[in-house]
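Open the model in your viewer and keep the selection box at hand. Each stop below says what to select and what is there.

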Amino acid sequence: MVKRKTVAVIGGGVSGLAAAKAFDERGHRVLGFERSHDFGGVWELSRSYPDVQTQSPKDLYCFTDHPMPEEYPEWPKGPQVHAYLHSYAAKHNLARLFKLNTTIKGMDRRAEGGWTLTIDEAGQEYTQDVDFVAVCTGQFSDKNIISHPGQEGFVQAGGEVMHSSEYTDPSMIKGKRVVVLGGSKSATDIAVNAANNGARSVHWVYLEPVWRIPYFVGGINFKRLLYMRAQEQQFNAWGKSPLQRVVAAVLKPLVWANFRGLEALLKTQLGLKKYGMVPKIPIERDVSCSVPIVTPGLFEALKAGKIKNIQGTFERYDGKTIIMTGGERVEADTSILAVGWKLGVPYLPDEYQQKLVEPDGQYRVYRIAVNPDLPDMGFVGFNSSFCTVLSAEMIANWLVRYMDGQLERQPSEAEMTDNIEMMLNWKRKERPAAQIYGGLCSAPFHFKHFDELLADMGASKRKRGNPLAEQFSYPNHKAYGEFLASCPQYQAGA
């Protein structure tokens, strides 16, 4: 009999909702904590910039038992995703499990196992003992705040500096000279939005050009080209057997030709040469969670001169002028820093932080979920991907079984440590792109990651019956619902 446990779920975004459902349906007592006033995480409306929409199509950005509404567009807007997450929470009655406006201030290991959390709820501080902690704050929890020399003088001269998440209304930039710093999709989304909503001028500054994937590649929805098991198998995955390495060597010329063809198509379709935006790194070496989708209207705005792109970064501010590392001088009223988010678990004691994070910033996690030196805790949402919702749901179902000792392939501490070392070596030596976000990215290896999780859980069904569909189609949420249902089921008792 599996004993019923008290489980803290920290975070009420995609990952927190997935974890709360997974632990609750197994019969555990779930205590959910969300620091903001609402569910949604990055999709909570006060954190979303105008016109934000998913990078993934809606059938790749949904839970297995709850498809997005048919009337939603292929790439839903932020408010639609927010409403969808609320509908998922309502469907499974998850609101009863959470406290909003509640922040975790610290956590201490208990001698008898589990953790004692220090909690701030609306200004009142108290402690709570739990048996297990599921950290579900993902990778976009705390803003990455940076500054440049002369910034104070820029503000004193009437300029405004903001993080991308603080750009919430186009009226903020109407009639202003805007400079957006960053190479991510959020940077280009904001640049396009500003150009379309009355900004006097818009400059977009990025350090290096990266490969960007349009929603339609050569007229074909990119999910039908790039989200395939057949495509994934062309990348240099971890844990290849000697035979698989021989096969990869034999097929290397064909793989090379495939990716050069894709690069040629992207260069032609987007006109990358014209804007000096051809990346230096081959696309097969660069694909990870950091590869952005092309913001609709970006290249049209570049062509029309509504957005001017500059390669480099800010060197310093000089009054209302921003001086770039390449020497360009740009007059500005508003500086928007789309420089991402800080990754970490700030409430985890330092002694455990050191066990979790390597000196070079790589995370020591098995299956991107647990660390053998951090007992009674795990992470949901660290396994960032191009199908984030499914990734969170898969790892949440894995994690509850891991906690309960119910994995068919329950790993020992030694097995986890060996696997962690193997993965770190692979990331550092064979696939440097996999080091993005502290190594917490399963893309482009969605199928391989999910295969491992399903095998661990003992799923009797792990692939679709149609071999062609399995090999040449994207991860289907309904199919993965069936795969999860084929895992051994159980309930925790008193």
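Begin with helices H1 and H2, which are roughly parallel to each other because an angle under 35 degrees counts as such and their axes cross at roughly 10°. This is a predicted model.

**Stop 1: H1 and H2**

Select residues 14–25 for H1 and residues 78–91 for H2. The two axes come within 11 Å, and H1 passes H2 in a left-handed crossing. Now show the side chains where they meet: Val14, Leu17 and Lys21 on the H1 side, and Leu85, Tyr88 and Ala89 on the H2 side. By class, this contact has five nonpolar residues, one charged residue and no polar ones.

**Stop 2: glutamate 25**

Stay on H1 and select glutamate 25, which lies in that helix. How exposed is glutamate 25? Its relative accessible area is 32%, so glutamate 25 is partly exposed. Leaving aside neighbours within four places in sequence, the residues in contact with glutamate 25 are Asn397 and Gln491. For a distance to draw on screen, join the C-alpha atoms of glutamate 25 and lysine 91: they are separated by 13 Å, with these positions 66 residues apart along the chain.

**Stop 3: H11 and H13**

Asn397 also takes part in the contact of H11 with H13. Select residues 388–404 for H11 and residues 446–457 for H13. Their axes come within 10 Å and cross at roughly 25°, and the two helices are therefore roughly parallel to each other. H11 passes H13 in a left-handed crossing. On H11, the residues to show include Leu390, Met394 and Arg401; on H13, they include His449, Phe450 and Leu453. The contact of H11 with H13 divides into eight nonpolar, three polar and two charged residues.

**Stop 4: tryptophan 398**

Trp398 of H11 is part of the same meeting with H13. Select tryptophan 398 and show what is in contact with it. Apart from neighbours within four places in sequence, its contacts are Tyr366, Arg367, Ala369, Val370, Leu407, Leu453, Asp456 and Met457.

**Stop 5: the cores**

In soluble globular proteins, nonpolar side chains tend to be buried together. Which residues have the most contacts inside the largest nonpolar core? They are Phe23, Phe299, Ile307, Trp398, Leu399 and Leu454, in a core of 119 residues. Helix H11 gives the most to this core, with 11 residues. Finally, select Val133, Tyr363, Leu374 and Phe379, which are among the 25 residues of a second, separate core.

Notes: Residues are numbered from 1 along each chain as its sequence is written. This is a predicted model: local features need pLDDT of at least 70, side-chain atom pairs count only at pLDDT 80 or more; totals for chains, interfaces and linings use all residues. Side-chain values use heavy atoms; hydrogens and water are left out. A nonpolar core is a set of buried Ala, Val, Leu, Ile, Met, Phe, Trp, Tyr and Cys residues joined through side-chain atoms within 4.5 Å. Buried means under 20% relative accessible area, exposed over 50%, partly exposed in between (1.4 Å probe, protein chains only). Helices (H or I, at least four residues) and strands (E, at least two) are DSSP runs, numbered from the N terminus. Contact means heavy atoms within 4.5 Å. Axes are lines fitted to C-alpha atoms, for helices over the stretch in contact, and angles run from 0 to 180 degrees between N-to-C directions. Angles under 35 degrees count as roughly parallel, over 145 as roughly antiparallel, 65 to 115 as roughly perpendicular and the rest as oblique. A crossing is left-handed if the near helix is turned anticlockwise from the far one by less than a right angle, and right-handed if clockwise. Ala, Val, Leu, Ile, Met, Phe, Trp, Tyr, Cys and Pro count as nonpolar, Asp, Glu, Lys and Arg as charged, and the others, Gly among them, as polar.
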